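Please load the model in your viewer, with the sequence panel open beside it, and keep a selection tool ready. The tour moves from one selection to the next and says what is to be found at each stop.

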Amino acid sequence: MNQGGRTALITGASSGVGEATAVLLAARGYRVICAARRMDRLERLAERLAPACFPMYLDVGDLASVDSLMERLPADLRAIDVLLNNAGQDEGGMVRFDEGQVDDWTRTVLVNFAGLVRVTHAVIPAMVKRGRGDIVNLGSITSRQASPKLAVYAATKHAVHGFSESLRAEYAAIGLRVIEVVPGVVRSEFALHRWRGDQEAAAAFYDAFPAPLLPEDVAGCIAWALELPPRVNIDQIVVTPTFQ
């Protein structure tokens with residue numbers, strides 16, 4: 001389905017699920033605002049997707065960066081139809097809680113939940129005014145099953161789930177859709193950042209799974225949910241690898 005004229009803002013768009021979703025939505029006629037910290041990556045992505053992609057710097061863990069989000073957008077891109085809250089991190093994670101660093105946990109909470117809330121708060125007023133809009137929150141399978149060494153990361157994803165459920169209830173009457181996408185393990189650069197650039201540790205993590213999901217798999221689920229009729233809200237999509 002061609003979605004020409006719709007505008008999507010994607011956080012964490014420089015790699016992984018964010019990048020894959022930007023590519024897919026651009027191919028389907030969306031204008032995509034690709035937001036992340038790594039501008040070099042975003043500029044290359046914008047060249048690939050031109051003229052459908054607008055790259056912009058955004059650090060969802062930095063309050064000033066998020067608070068200036070809307071005013072830094074060109075006027076013709078401020079009516080956002082789709083918000084994909086994809087940015088997330090777990091740097092310093094996958095360690096037993098007492099062995100971790102509080103500064104790492106704080107950053108994880110800021111990015112994965114507080115930043116998501118703040119970005120949503122910046123974007124949603126215009127959706128409310130127009131009486132339409134789609135908010136897609138990227139959750140995690142850790143919000144559905146206990147996993148050791150992921151206490152704070154899992155807590156942020158539980159928070160994303162609760163936020164999504166309440167937001168959906170608040171805005172259903174005026175036509176806003178809130179979609180939570182809950183993937184299992186996705187092979188991306190996420191583990192590389194978790195282990196602070198240790199490629200061997202990141203590769204070993206993904207190689208421990210028979211066949212992890214790919215970013216394109218999750219992007220396809222997001223696009224499918226967005227393209228359903230406006231009367232249909234997919235509350236939650238749980239996406240796991242077939243082979244586990």
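Is methionine 94 buried, partly exposed or exposed? Select Met94 and display its surface: the residue is partly exposed, because its relative accessible area is 21%, and the cut-off for counting as buried is under 20%. Bear in mind from this first stop onward that the model is predicted. Methionine 94 lies in the loop between strand 4 (residues 82-85) and helix 5 (residues 102-130), and its phi is near 55°, a positive value in a residue other than glycine. Most residues other than glycine have a negative phi.

**The whole chain**

Now zoom out and select the protein chain, which has nine helices and seven strands. The C-alpha trace spans about 45 × 40 × 40 Å along its principal axes. For 244 residues a compact globule would have a radius of gyration near 18 Å, and the 17 Å of this chain agrees with that. Colour by burial, and 49% of the 244 residues count as buried. If you draw the contacts between residues at least 6 apart in sequence, 68% of them join residues at least 24 apart. The chain exposes about 11,400 Å², of which carbon and sulfur atoms supply 55%. For the charges, mark the mean position of the 25 positive ones and that of the 28 negative ones; these two points are 5 Å apart.

**Back to the loop between strand 4 and helix 5**

Return to the loop that holds methionine 94 and select glutamate 91, which is found in the loop between strand 4 and helix 5. At 32% relative accessibility, glutamate 91 counts as partly exposed. Leaving aside neighbours within four places in sequence, Glu91 is in contact with Asp104, Thr108, His193, Arg194 and Arg196. A distance to draw here is the one from glutamate 91 to phenylalanine 190: they are 99 residues apart in sequence, while their C-alpha atoms are 8.8 Å apart in space.

Phenylalanine 97, the next selection, is also found in the loop between strand 4 and helix 5. Not counting residues up to four places away in sequence, Phe97 touches Trp105, Ala151 and Val152. The C-alpha atoms of phenylalanine 97 and valine 152 are separated by 8.0 Å, although the two residues are 55 apart along the chain.

**Two backbone stops**

From glutamate 91, follow the contact to Arg196. Arginine 196 is found in the loop between helix 7 (residues 190-194) and helix 8 (residues 199-207), and counts as partly exposed at 49% relative accessibility. Its phi is near 55°, a positive value in a residue other than glycine.

Where is proline 51? Look in the loop between helix 2 (residues 39-49) and strand 3 (residues 53-57), and inspect the peptide bond from alanine 50 to proline 51, which is cis, with omega near 0°. Most peptide bonds are trans.

**Valines 185 and 186**

Select valine 185 and valine 186 together; valine 185 is found in the loop between strand 6 and helix 7, as is valine 186, with strand 6 covering 176-183 and helix 7 covering 190-194. Valine 185 is buried, with a relative accessible area of 18%, and valine 186 is buried at 13%. Beyond their sequence neighbours, Val185 touches Phe205, Tyr206, Phe209, Pro212, Leu213 and Pro241, whereas Val186 is in contact with Val17, Tyr206, Leu213, Leu214, Pro215 and Val218. Two longer C-alpha distances can be added: valine 185 to leucine 228 is 26 Å, and valine 186 to phenylalanine 243 is 13 Å.

**The nonpolar cores**

Which residues have the most contacts inside the largest nonpolar core? That core has 33 residues, and those to select are Leu25, Val32, Cys34, Val181, Val218, Ile222 and Leu226. Helix 9 (residues 215-226) contributes the largest share, five residues. A second, separate core of 27 residues includes Leu77, Ile80, Phe163 and Leu167.

End the tour by centring on valine 181 and showing its surroundings: not counting residues up to four places away in sequence, Val181 touches Val136, Asn137, Leu138, Gly139, Ser140, Val218, Ile222, Ile237 and Val239.

Notes. Residues are numbered from 1 along each chain as its sequence is written. This is a predicted model: local features need pLDDT of at least 70, side-chain atom pairs count only at pLDDT 80 or more; totals for chains, interfaces and linings use all residues. Side-chain values use heavy atoms; hydrogens and water are left out. Helices (H or I, at least four residues) and strands (E, at least two) are DSSP runs, numbered from the N terminus. The radius of gyration is taken over C-alpha atoms; the globule rule is 2.2 Å times the number of residues to the power 0.38. Buried means under 20% relative accessible area, exposed over 50%, partly exposed in between (1.4 Å probe, protein chains only). Contact means heavy atoms within 4.5 Å. Accessible areas come from the Shrake-Rupley method with a 1.4 Å probe; for residues, only the protein chains shown count as cover. Lys and Arg count as positive and Asp and Glu as negative; His and the chain ends are not counted. The place of a charge is taken as NZ of Lys, CZ of Arg, CG of Asp or CD of Glu. A nonpolar core is a set of buried Ala, Val, Leu, Ile, Met, Phe, Trp, Tyr and Cys residues joined through side-chain atoms within 4.5 Å.
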